[in-house]
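Please look over the structure below before reading on. The report starts with one local detail and then moves outward.

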Amino acid sequence: MSLPRYAAGRLLLGLGQVAGITTIVFVLTEALPGDAAVVIAGDHPDPARIAAIRAQLDLDRPAWQRYLDWLTDLIRGDLGVSLISQRPIVDRLADSAGTTLLLAAVTLLVLVPLAIALGMLAARREGGRLDRAVSAVSVALYAVPEFALAILLIAVFGVRLGWLPPTAFGADLLTQPSVLVLPLLVLLTRPICTISRLTRAGMLDALHGEYVRHARRLGITGIRLWLRHALPGALAPVVQQLARTTDWLLGGVIVVEAVFVIPGLGTALVDAVSTRDIPTVQALCVLVAVTTVVVNLAADLVAFRLAPRIGAVR
Amino acid sequence: MRRLRTLTGAVLLAVPLALAVFGPLLTGEPGDRTFPFSGDGVLGTDFVGRDVGQQVLLGGRSVVVVAVCATLLAYLVGVPVGLLAAATRRRWVDELLMRPLDLTLAVPSLLLLILLAATAPPGQLTLVGIVALIGLPEIARITRAAALPLAHGPAMEAMRLYRETWWRRGPGYVGTGIRRILLADAGVRFIGAMYLVATASFLGIGVAPDAADWAVMVDRNRAGLFLQPWAVAVPAALIISLAVGLNLVTDRMLITHSKPSPSPPPGPATTGDRPQANERLLQVQDLAAAAPDRALVHGVSFSLPAGEILAVIGASGSGKTTTARALLGEVTPGVTLTGTITLAGQPVTTATPPKPGTVGYVPQQPVAALNPVRRIGAVLHEIARHQAPGDSRSTHRRTVAAVLERVSLPVDRRFLRRFPHQLSGGQQQRLVIAHALLAHAVLLIADEPTTGQDALTRNDVARELTKLAREGIAVILLSHDLHLVRAVADQILVLHRGVAIEYGPAAEVLAMPRHRDTRELLAAPPARPAAAVREDRPLLQVTGLSATHRDGGRHRDVLRDVSLAVPAGQCLAVVGRSGSGKTTLARCIAGLHPARTGQVTLGGHHLAAHLDRRQRHELGAIQYVFQDARASFNPYRSILDQTASPARRLRNATSEQARRTALRLLERVGLAEHTVTQRPDRLSGGELHRAALARALASEPRVLICDETTAGLDSVTQHGILTLLDELRRSLQLAVVVISHDRDVVAHLADHIVVFDHGAVVDRGPADALLTHGHHLLTRALLHTDPATAVAPSDR
């Protein structure tokens, strides 16, 4: 299968996913038990407020009409108005998106070279001291909940030792980069484990593979053999795992922002959920879902280029 | 090291688990509340003044219980869904089940958790449901992926052919097969569930805000981190300890112990023949290779001048590949080499392998030597550049083009931009040779270059190797393909259990083999006994059969209007290139592949197209012997049991009768009782082929279909099976349909031959006529012995 054909098929699938996800999001938020307006109004139902919510959400119209309206608005880039602040949601998201993007970008920038380098170093001497150390740590830290790790790091480095600021409260991330150190450490833990392990396994596979031996017999050795012959074959699963990592990052960011008091999208989402600001929750979910789909799409295309055979088995 | 890791994990896991399980039993009534964040009690007080020590004892249970329940629930739903998706033969059911699950996989799990929790009523039950829902898609996918090859593989088809009970096919075969994969994965799923539960509790989802829960404690008490760090640090540390411990312990479960590859049997110690020449390109003297417990190759000596072809022949496991790899200075770890190898005046040992590039090696699977992710042109240019670093780009391009022409490959840009998997097997082989030529190889080693290939490819290989030798390259050919050896070899070395039992010029060895084992290897298949009883009313008749394959979304014709007939006691051979539709025809007759149009009749009686709609006695009358005997057996039950099943299921025999029938048949194919009471993995390939024959005979069939039954076996084993098959046919009056591309097999068994090309019959006739003077070009190419005179018709 050629790359353009694979890309076209994959793009269609991505569009289908986005369509499916918007439906799920709408149905779930619609599925609030009882009268949605009453539930949203919360513990102190005030008839006036219920009426206002009812009017704003158009609850008197049938669900499918509202769904269509919501979809058309989405396509035009209009995410609606927040129930709480009565401001357009787009403005609210634009305020916090920068912070989250910065956090995610810095994490990825550190993660990719570090994890791949660690994996390659570990593969250099299979069963060596470095290999065993890297693999023990990466196994141990695989699925440790971020919040617990974050709290422990804060307790040790922020409170006990006082080396680093315990939270980012009120700090500007760009002028005061030290506030980013602890959040970064927490966000890196999980993906660095999986990616370095995958790189190591892929490199070992490739190095034991007949085609690397073949290249060696032809006189290709050293760094060239590693980078041009062994690494490309090892990278395809790594790239796909990176896409999954971006999912985790989005999840991890929610927790990390909550713990370190960083005003990003995660905080916005938690706030919106706790205040039952349904339009904001819907908008955020769609945003995150679309990002995920796009990232996975890109990763699949890169992986296809790296390992053209996967197109054949899908 | 690994032990230590698991032990550490177990200890780390034990502490929080013990607290979670027994903690609530140890605490008394909650004490009075005092001031928030004070130092009272062992660990101080929390944000509302409760004793932290007591809260820690109480707070573990909810995380563990919710995670366990959620994992169990996810498996309870996910495994049946995955199994159903894998088992169904209707595509839309599979799509309907799996597509929505794929969709949820595309959303980050924490986001899904928040979204679901925001709409559902809070509470632990909700949390269990949500976490289970998030874990479910992955479990369903893994189950489906593990069960899919089992549910549609040869073993399952074999069981369907004798209508094995649902219980043995489903839980007995598929269930056992996926159990290990699911168990190894369960730990990871549980960790994932725990992670979600703890994080959700921390974010205040699904639990009461003042619940006694470690995660909630971390969240609520972190405001007082400066005043009373214990209230936060202890529960956080417990959660981490739980996660790390689980990680370390489950990692143990994920390790799959790779079996050591089966090594050739030990060889007796004798010395090989002495070589006579001296000024030779390659000199091998007393080469021996020994694994720690036995000798693999012993006292092998030979020499080879440039421009000659040495064929190394021998049964599988005779040390051919070990010898060849020694010439490359390579050994399997743990094997030691002795003896001297001299290549172009330079000694070759494991420490000093031959100068890079001088020896080219073409593995049995040439694609393995090609980097799967790089375009073939890029690699060719890289090798050219490496050989002559100073030259210009255009010089390299010319060098590459010249080499590609030498091996008859295209040189255009479109070809060079392909990936190895886009090439045919023959092209891949020639590409590997091109690599060796670019690197100026003086010796080329080709490992079984024609295994599994049809006669046409074999001719190409023969031409290619002869051409290389004429250009002055020494070639070593490892093969058990005697036609190829006869066609090209200048010298022959015969290996038997690691010892050179014969060595000399090809003409001499072929004409007068001295050693008994050589004679056996070189022997033509045993002569066919006189023609069987003729009975001209056809037993099996196929009329106007057409069939299609689904290829992506489209239907591709594989069989076009095929008609043929086989009388009882006779053998019909179906020959043709790979991909010409031979196997599909066989599967249509057996009912494994539904025909689109056309009829299969048995003794004048119409058979349903699908085997599930055939009567028991009809199923029993037509049996199928699969190409891959090993894959057609259920690995979890004994051979005897599986041979007895057809008799029990299709002929209503009691278990005792079925067992006796099976034992009798197995004995008849030469398998002793103590062998067949074992599971299939303890039997050799040849034994399994015999067992497969016995199993097919257990339902007393009238038609036996054999699909490439001897492909990939060495000639001694192959002859044994052919003789057996012929004898069975005559004594049981079987109509046999043999699918093969091996001339020897066809010549030995067939009464009639049909030649297939692109799904249609292009030639047919009595075996004697077609074997000696076929008219169709393809018939001649496939069936005539001399590769040099056979000219293959072009492929389209």
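A:G219, which comes just after α9(A), takes a positive phi of about 100°. The model is a predicted one. Helix α9 of chain A covers residues 210-217, and its buried residues are A:Y211, A:V212, A:H214, A:A215 and A:R217. What do these buried residues of α9(A) pack against? Within chain A the partners are α8 (181-208) and α10 (222-260), and from chain B there is β6.

Strand β6 of chain B leads to the contact between the two chains. In total, 55 residues of chain A are in contact with 57 residues of chain B. On the side of chain B that touches chain A, the elements giving two or more residues are α4 (109-119), α7 (166-202), α9 (230-254), β6 (359-362) and α11 (376-387). Of these, α9(B) gives the most, with eleven residues. Sorted by class, this side of chain B has 43 nonpolar residues, ten polar ones and four charged ones. For the complex, the predictor gives an ipTM of 0.83 and a pTM of 0.74.

Chain B has 796 residues, of which 50% count as buried. Its secondary structure consists of 28 helices and 20 strands. Taking contacts in chain B between residues at least 6 apart in sequence, 70% join residues at least 24 apart.

An unreviewed UniProt entry places the feature "transmembrane region" at residues 63-88, 100-118, 188-207 and 227-249 of chain B. Two of these spans are set out in the table.

| Span of chain B | Helix | Strand | Distance between end C-alpha atoms |
|---|---|---|---|
| residues 63-88 | 96% | 0% | 37 Å |
| residues 227-249 | 87% | 0% | 36 Å |

How confident is the predictor in chain B, going by what mean pLDDT? The mean is 81, and 89% of the residues of chain B reach 70 or more. Over residues 256-278 of chain B, however, pLDDT stays under 50, and the model has 35 contacts beyond four places in sequence for this stretch. Residues 787-796 of chain B also have a pLDDT below 50, with 18 contacts in the model beyond near neighbours in sequence. Where pLDDT is low, the predicted coordinates should not be read in detail. The contacts listed for residues 256-278 of chain B are thus contacts in the model, at a pLDDT under 50.

Methods
Residues are numbered from 1 along each chain as its sequence is written. Chains are lettered from A and ligands numbered from 1 in the order in which they are written. This is a predicted model: local features need pLDDT of at least 70, side-chain atom pairs count only at pLDDT 80 or more; totals for chains, interfaces and linings use all residues. UniProt positions are given in the numbering used here, feature names are shortened, and annotations may be inferred rather than shown by experiment. Helices (H or I, at least four residues) and strands (E, at least two) are DSSP runs, numbered from the N terminus. pLDDT is the predictor's confidence in each residue, from 0 to 100. Two residues are in contact if their C-beta atoms, placed from the backbone, lie within 7 Å. Ala, Val, Leu, Ile, Met, Phe, Trp, Tyr, Cys and Pro count as nonpolar, Asp, Glu, Lys and Arg as charged, and the others, Gly among them, as polar. A residue is buried if 20 or more other C-beta atoms lie within 10 Å of its own, exposed if 12 or fewer, and partly exposed in between; C-beta atoms are placed from the backbone.
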